[in-house]
Amino acid sequence: MWKKYFAVTAATLCLLLPASASEASSATTYTMTAAEMAALDSRLSLLLQQTKSTRQALAESQAALTESKAELSKLKSESIKLQIELQAQSSLLESANKSLQASAREEARTRRRIKAQRNTAIVAAVGLLAYAINK
């Protein structure tokens with residue numbers, strides 16, 4: 001295990017040495033004309049201006065995002081309230097429907113009972129009329 005560790009460490013050091021040497025030799029001096037310097041300054045100021053406008057747009061977007069999140073949260077809570085209300089209304093409607101069905105069954109039973117009583121009364125009246133006629 002130690003052999004692997006030393007081998008990896010030695011390999012890493014070997015890889016880092018050429019990079020350090022090239023960094024030391026790359027320190028060179030550049031010369032540029034006033035026109036090149038002005039062009040670089042112009043580009044830099046343009047980039048700074050773009051960065052400023054981008055940051056301003058980012059801030060506006062973040063504010064809009066925060067506002068949208070607040071609106072979304074408000075709408076979610078309203079949606080939850082409405083779902084609860086809908087469930088309550090559905091429960092009431094179901095209860096009223098069951099009550100109506102029970103009333104309809106009771107009314108049908110009452111109609112059948114009245115019809116049976118009426119038919120019985122008619123049969124009795126016809127029987128009495130037949131008896132009275134035959135007598």
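How far apart along helix 2 are Glu94 and Lys98, counted in residues and in helical turns? They are 4 residues apart, which puts about one helical turn between them. The views below start with the whole chain and then come back to this pair. Keep in mind throughout that this is a predicted model.

**View 1. The whole chain: helices and no strands.** The protein chain has 2 helices and 0 strands. Helix 2 covers residues 34-134, and the close-ups below keep returning to it. Of the 135 residues in the chain, 0% count as buried. The chain exposes about 12700 Å², and 64% of that comes from carbon and sulfur atoms. If you go looking for salt bridges, a search of the whole structure turns up 3.

**View 2. Glu94 and Lys98 form a salt bridge.** Here's the pair from the opening question. The closest N and O atoms of Glu94 and Lys98 are 3.8 Å apart, which falls inside the 4 Å cut-off for a salt bridge. Side chains of opposite charge can pair when their charged atoms come close. Both residues sit in helix 2, with about one helical turn between them. Glu94 is partly exposed, at 48% relative accessible area, while Lys98 comes out as exposed, at 52%. What splits the two labels is the 50% mark, because a residue has to be over 50% to be called exposed.

**View 3. Glu106 pairs with Arg109.** This salt bridge has its closest N and O atoms 2.9 Å apart. Both partners lie in helix 2, and the spacing here is 3 residues, about one turn of the helix. Glu106 is partly exposed, with a relative accessible area of 37%. Arg109 is partly exposed too, at 42%.

**View 4. Glu107 pairs with Arg111.** Again we're looking at a salt bridge in helix 2, this one with 4 residues, or about one helical turn, from partner to partner. The closest N and O atoms of Glu107 and Arg111 are 2.9 Å apart. Is Arg111 exposed or buried? With 56% relative accessibility, Arg111 is exposed. Glu107, on the other hand, is partly exposed at 43%.

**View 5. Met32, Met37 and Leu40 make a nonpolar surface patch.** Together, these three side chains give a patch of about 270 Å². Met37 is the one to pick out if you want a landmark in helix 2. Its relative accessible area is 42%, so Met37 is partly exposed. That's also over the 30% a residue needs to be part of a patch.

**View 6. Ser45 reaches back to the backbone of Ser42.** Which atom does the side chain of Ser45 reach? It's the backbone oxygen of Ser42, at 2.9 Å. Ser45 belongs to helix 2. With a relative accessibility of 43%, Ser45 is partly exposed.

Note on methods:
Residues numbered from 1 in each chain as written. Predicted model: local features only at pLDDT ≥ 70, side-chain atom pairs only at ≥ 80, totals over all residues. Heavy atoms only, no water. Buried < 20%, exposed > 50% of the residue type's maximum accessible area, 1.4 Å probe, protein only. Areas by Shrake-Rupley, 256 points an atom, 1.4 Å probe, with all protein chains shown as cover. Patch = residues over 30% accessible without salt bridge, like charges linked within 9 Å, V, L, I, M, F, W, Y side chains within 5 Å. Polar contact = N/O pair within 3.5 Å; in protein donor to acceptor, adjacent residues only side chain to side chain.
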